[in-house]
Amino acid sequence: MLGLPQTGAALVSAIALGLDFGSLELLSKVLSVSPYDVGEAIHLSSSTFLRRKKEGRLQPDESDRLLRFSQIIARAVQLFEGDSAAAGRWLNRPARALGGNTPLKYAQTHVGAQEVEDLIGRLEEGVFA
């Protein structure tokens, strides 16, 4: 989704160097949300967001969170057979299986992201509970 290698040393290196800020902007376009919303989802304060935008690069920990976030989005798009608009609506709709939270909000932590991925897996298998 971000145009990065999916696994291996190249991906580890890209994260260690820090992703280009354009990756965050690209993800915001896919989701049809503002870049600030994506920044908030990966825990960037508004001042840090503006600083990273000016610098043009995210820090490694921020890059890792953006990658995790993009993987959730990619799985949702896959669940909706390539329909990114439908995936975006689902990601922003409260889910009973996530305690009434939206998948995007729930995925803001590592454990929450795993839960969202598990939910997507259950939906792919037709298990709705």
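Here are three short exercises on helix packing and loop residues, each with a worked solution. The model is predicted, so local features need pLDDT of at least 70, side-chain atom pairs count only at pLDDT 80 or more, and totals for chains, interfaces and linings use all residues. Residues are numbered from 1 along each chain as its sequence is written, and side-chain values use heavy atoms, with hydrogens and water left out.

**Exercise 1. Describe how helix 2 packs against helix 5.**

Step 1: find the elements. Helices are DSSP runs of H or I with at least four residues, numbered from the N terminus. Helix 2 covers residues 21–31, and helix 5 covers 60–79.

Step 2: take the geometry. The two axes, lines fitted to C-alpha atoms over the stretch in contact, lie 11 Å apart, and the angle is about 25° on a scale from 0 to 180 degrees between N-to-C directions. Helix 2 and helix 5 are therefore roughly parallel (under 35 degrees).

Step 3: list the contact, meaning heavy atoms within 4.5 Å. From helix 2 come S23, L24, L27, V30 and L31, and they meet L66, F69, S70 and I73 of helix 5. Sorted by class, this contact of helix 2 with helix 5 has 7 nonpolar residues, 2 polar and no charged ones (Ala, Val, Leu, Ile, Met, Phe, Trp, Tyr, Cys and Pro are nonpolar; Asp, Glu, Lys and Arg are charged; the others, Gly among them, are polar).

**Exercise 2. Work out which residues of helix 5 and helix 6 meet, and how the axes lie.**

Step 1: the axes of helix 5 and helix 6 are 8 Å apart, at an angle of about 120°. That makes helix 5 oblique to helix 6 (outside under 35, over 145 and 65 to 115 degrees).

Step 2: on the helix 5 side, I72, I73, A76 and V77 take part, meeting S84, A87, W90 and L91 in helix 6. The residues of this contact of helix 5 with helix 6 divide into 7 nonpolar, 1 polar and no charged.

**Exercise 3. Locate H43 and E81, and say whether each is buried or exposed.**

Step 1: as background, most residues other than glycine have a negative phi. H43 has a positive phi near 70°, and E81 has a positive phi near 50°.

Step 2: H43 sits in the loop between helix 3 (35–41) and helix 4, while E81 is in the loop between helix 5 and helix 6.

Step 3: at 46% relative accessibility, H43 counts as partly exposed. E81 has 76% and so counts as exposed (buried is under 20% relative accessible area, exposed over 50%, partly exposed in between, with a 1.4 Å probe and protein chains only).

Key. Helix = DSSP H or I, 4+ residues; strand = E, 2+ residues; numbered from the N terminus.
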